[in-house]
There are 4 protein chains.
Amino acid sequence: MTLRIAVFGENRHEKVDATVQEIYPEGMHTVIAEGLRATLAADGVDAEVRIALLDDIEETLSEEALAQTDVLTWWGHMAHGDVPDAVSERVVRRVQEGMGLIPLHSAHYSKPFRALMGTTCNLLWRNEGEEERVWTVNGSHPIARGVPHPIVIPQQEMYGEMFDIPAPDELVFVSSFAGGEVFRSGAAFRRGKGKIFYFSPGDQEYPVYHQAEIQRVLANAVVWARPEDRPSAPVKIANAPRDWFRGDEAERVL
Amino acid sequence: MTLRIAVFGENRHEKVDATVQEIYPEGMHTVIAEGLRATLAADGVDAEVRIALLDDIEETLSEEALAQTDVLTWWGHMAHGDVPDAVSERVVRRVQEGMGLIPLHSAHYSKPFRALMGTTCNLLWRNEGEEERVWTVNGSHPIARGVPHPIVIPQQEMYGEMFDIPAPDELVFVSSFAGGEVFRSGAAFRRGKGKIFYFSPGDQEYPVYHQAEIQRVLANAVVWARPEDRPSAPVKIANAPRDWFRGDEAERVL
Amino acid sequence: MTLRIAVFGENRHEKVDATVQEIYPEGMHTVIAEGLRATLAADGVDAEVRIALLDDIEETLSEEALAQTDVLTWWGHMAHGDVPDAVSERVVRRVQEGMGLIPLHSAHYSKPFRALMGTTCNLLWRNEGEEERVWTVNGSHPIARGVPHPIVIPQQEMYGEMFDIPAPDELVFVSSFAGGEVFRSGAAFRRGKGKIFYFSPGDQEYPVYHQAEIQRVLANAVVWARPEDRPSAPVKIANAPRDWFRGDEAERVL
Amino acid sequence: MTLRIAVFGENRHEKVDATVQEIYPEGMHTVIAEGLRATLAADGVDAEVRIALLDDIEETLSEEALAQTDVLTWWGHMAHGDVPDAVSERVVRRVQEGMGLIPLHSAHYSKPFRALMGTTCNLLWRNEGEEERVWTVNGSHPIARGVPHPIVIPQQEMYGEMFDIPAPDELVFVSSFAGGEVFRSGAAFRRGKGKIFYFSPGDQEYPVYHQAEIQRVLANAVVWARPEDRPSAPVKIANAPRDWFRGDEAERVL
């Protein structure tokens with residue numbers, strides 16, 4: 001089945017910041033989407049990648065659009081507050097129903113991620129364009145497949161611990177920065193039937209999403225986060241206790 | 001230091017339901033509070049236990065009151081919607097800052113617990129007064145200290161899996177019911193600096209909080225959930241990278 | 001790539017116990033292997049299933065044979081002590097290198113499982129042919145795909161908590177028994193690059209492995225446990241610290 | 001109750017290496033033991049600290065001695081192979097019964113730690129006396145109490161990821177090194193009823209155990225790892241299923 005991906009981009013820095021325009025002339029979302037398309041195609045994964053922007057969020061992340069989305073990547077930073085609460089709430093609900101979510105970098109502060117975590121998602125930061133190294137700590141995890149050890153990002157904003165998230169269900173990457181800090185930069189969570197993979201590279205001021213290794217991680221992550229395909233497995237239990245499996249219930253699967 | 005406990009009781013069923021009045025003539029909160037006082041006193045724990053009710057929630061769970069609370073137990077059921085959002089939000093914030101939270105039974109659907117979990121907290125249920133057995137699956141956990149294996153609760157509402165919570169940081173108890181279901185009945189989480197212990201017994205229609213074994217679990221849980229006492233550990237790092245430890249920061253501890 | 005599965009069967013009860021002979025005239029391993037073949041074929045998974053027995057263990061689980069094995073299922077009970085230490089040690093080593101391991105039922109006490117867990121793997125038990133119900137507690141886990149909720153096993157040996165294992169990385173199933181006990185019956189672990197799924201059904205005295213739902217779980221488990229395919233991702237880091245990436249190291253991936 | 005601590009020291013480098021002799025003229029174990037005594041006394045913890053050396057290991061870690069030990073710290077490096085298998089096995093068994101274990105630095109390769117983990121415990125390393133920074137990633141964990149963020153160790157051997165351990169039950173510290181690597185330097189595990197805290201500082205060539213912050217971590221760790229005190233909670237269940245609670249069983253607690 002086709003893997004249906006939506007790439008959400010806030011697309012605000014791109015409008016006002018010359019540095020960002022130079023790195024991402026057609027927007028960060030375009031480079032993220034192109035990276036996914038190319039990497040998944042090379043892997044032989046049947047995938048469709050569409051764009052959703054803050055400017056068209058009511059349509060592109062409508063109830064109907066989300067119902068047709070398997071995995072949503074999310075980059076936002078300066079305009080988290082402009083995401084309508086109702087949109088965030090339906091993204092959260094869709095994750096609980098099985099949609100994958102890949103919050104990127106400053107999306108640690110996005111509304112849906114914070115709502116799914118139940119924590120402040122605070123962290124240390126310092127933006128001086130330091131080298132980041134992304135180390136794998138879980139070598140058999142599918143998101144680490146084919147990923148160099150470490151990924152070297154020549155320039156990045158520093159994100160440092162304490163990162164106020166729940167203990168991840170699976171910790172995949174830990175980063176170091178030239179200034180000496182560390183960060184849990186790749187962290188996987190399950191909420192309801194949905195999977196979430198937070199990945200902390202990359203800041204808008206550096207060409208992080210142009211790097212092939214980063215595109216590899218994103219492609220691995222969307223495949224990992226796709227909903228489980230759950231064929232119907234009707235249950236008929238003659239001796240069910242107190243008959244709670246009855247009527248429609250009898251046909252229900254998880 | 002004195003352990004400052006607040007016992008929140010919705011106190012609604014007690015006003016309208018003769019069965020509940022008979023079991024808990026002075027309210028469920030009174031029995032929960034008395035159980036804590038007696039068990040902690042027997043353990044030699046210096047503790048203060050106060051009551052907070054839905055009727056006085058703006059005062060008893062005010063910002064100031066919560067700032068003086070180390071651990072909050074929470075029982076609610078028919079009136080979750082009557083808890084003001086602002087109260088729920090400050091409870092959540094206090095948990096993130098370190099306050100312990102012990103949601104009981106139907107508080108799986110309470111506003112603060114759902115906000116801290118990020119999931120629906122749905123579960124199966126059936127109220128036919130069946131026997132519940134609470135089995136310890138983590139024998140060295142402090143909340144299981146001195147707890148019989150199993151605790152037998154003669155009559156209870158059944159709560160069954162799937163229980164839609166994040167994977168607990170520590171699973172302490174799993175229950176079976178006479179009807180054949182299972183339930184993760186004792187589940188521990190950390191959110192920010194605060195600890196949360198969800199414990200699924202007991203329904204208002206049965207005298208569950210009168211049982212000494214249940215009082216033992218609750219006393220263990222509040223002691224476990226108390227905030228860490230964190231003496232100041234000033235940090236002076238001459239060679240700190242980019243001087244991020246400076247000014248007040250230099251004195252900060254986690 | 002073909003998924004290469006080895007089904008290890010102790011094949012001792014089948015030789016001495018008329019009840020077992022009647023249920024499994026060609027051995028338990030034959031039914032397990034046939035169930036895997038049929039279910040995986042229906043799923044379109046390219047798989048080869050071979051048999052390994054205690055009587056030929058030095059050959060069928062030799063260093064060379066294990067090197068050609070992606071996932072090993074293991075059923076043993078009365079003759080754990082007859083498994084040579086050297087065989088157990090190489091199974092453990094292969095798991096650490098990436099091979100999947102699926103210990104079944106009484107294999108909780110098998111040498112390789114105990115060595116990989118680091119615990120006693122003790123549990124409660126009682127063999128009176130009681131009904132077991134296997135409940136899913138992690139609805140989005142691939143091993144729970146298409147599995148009824150619950151699986152009902154008409155007759156089984158009871159396995160009960162405390163089950164002395166490390167906290168599983170992922171808890172998938174919890175069982176109840178007619179006698180009132182509970183058991184973490186489906187538990188997933190990672191050790192090194194290998195994945196382990198312990199599944200507690202079924203005892204040799206009951207036709208558990210003939211059940212389609214059980215065959216579904218086993219088929220899901222071997223697919224889940226297959227080693228990650230890790231294409232080479234050469235690393236060349238000009239500015240590597242202290243040049244630890246040099247020579248052959250520069251080509252190394254995890 | 002008195003917390004009974006044993007400090008195991010291999011005490012080999014101290015005999016042959018002038019650098020180590022200068023830093024630890026009376027052995028590393030002496031400094032570790034003195035640090036524990038002083039820090040615990042300042043905390044008001046009633047504790048006894050005794051020394052156990054490789055040279056007297058059959059006596060100091062005998063069955064009887066271990067039965068009187070609540071928490072064992074373990075430093076070893078060049079002579080792991082000289083620890084008798086029988087001693088390692090009884091240490092493992094005592095941990096499963098409830099004794100705490102604190103493996104230090106190169107004890108990642110010690111026999112009991114590897115047996116308890118079930119993994120190779122491999123890691124990257126490079127000994128060039130680089131600065132290590134130990135960052136807290138779990139701010140409410142008792143082992144992080146009063147610990148600066150970060151601890152700065154002026155000179156250390158680098159230990160880097162991949163560190164081949166099971167996913168820790170609780171991750172407390174992550175280190176960075178001047179050369180750019182990261183390491184999960186403080187990792188907590190439960191095995192049976194016992195708790196284990198692996199802490200990777202410090203190498204014998206640097207005065208790591210003389211640092212007050214490191215002594216603080218060790219003191220926190222032994223208090224955290226002490227066995228739960230489990231008062232008897234006899235179980236009498238008239239309606240126990242199939243009477244499995246009978247005879248002595250009826251009195252059993254976990």
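**Exercise 1. Explain why D:Cys121 forms no disulfide in this predicted model.**

Step 1. A disulfide is a pair of cysteine sulfur atoms within 2.5 Å.
Step 2. For D:Cys121, the closest cysteine sulfur belongs to C:Cys121 and lies 17 Å away, so the two are too far apart for a bond.
Step 3. D:Cys121 is also buried, at a relative accessible area of 0%, where buried means under 20% relative accessible area, exposed over 50%, and partly exposed in between (1.4 Å probe, protein chains only).
Step 4. Searching the whole structure gives zero disulfides over all chains.

Conventions: this is a predicted model, in which local features need pLDDT of at least 70, side-chain atom pairs count only at pLDDT 80 or more, and totals for chains, interfaces and linings use all residues. Residues are numbered from 1 along each chain as its sequence is written, chains are lettered from A in the order in which they are written, and side-chain values use heavy atoms, without hydrogens and water.

**Exercise 2. Describe the interface between chain D and chain A.**

Step 1. Contact (heavy atoms within 4.5 Å) links 18 residues of chain D with 18 residues of chain A.
Step 2. The buried area, meaning the accessible area (1.4 Å probe) that two parts lose on being put together, summed over both, is about 1,400 Å², and carbon and sulfur atoms give 69% of that.
Step 3. D:Trp135, D:Met162 and D:Val182 account for 34% of the area that chain D buries against chain A, more than any other three residues.
Step 4. Salt bridges (a side-chain nitrogen of Lys or Arg within 4 Å of a carboxyl oxygen of Asp or Glu) number zero between these chains.
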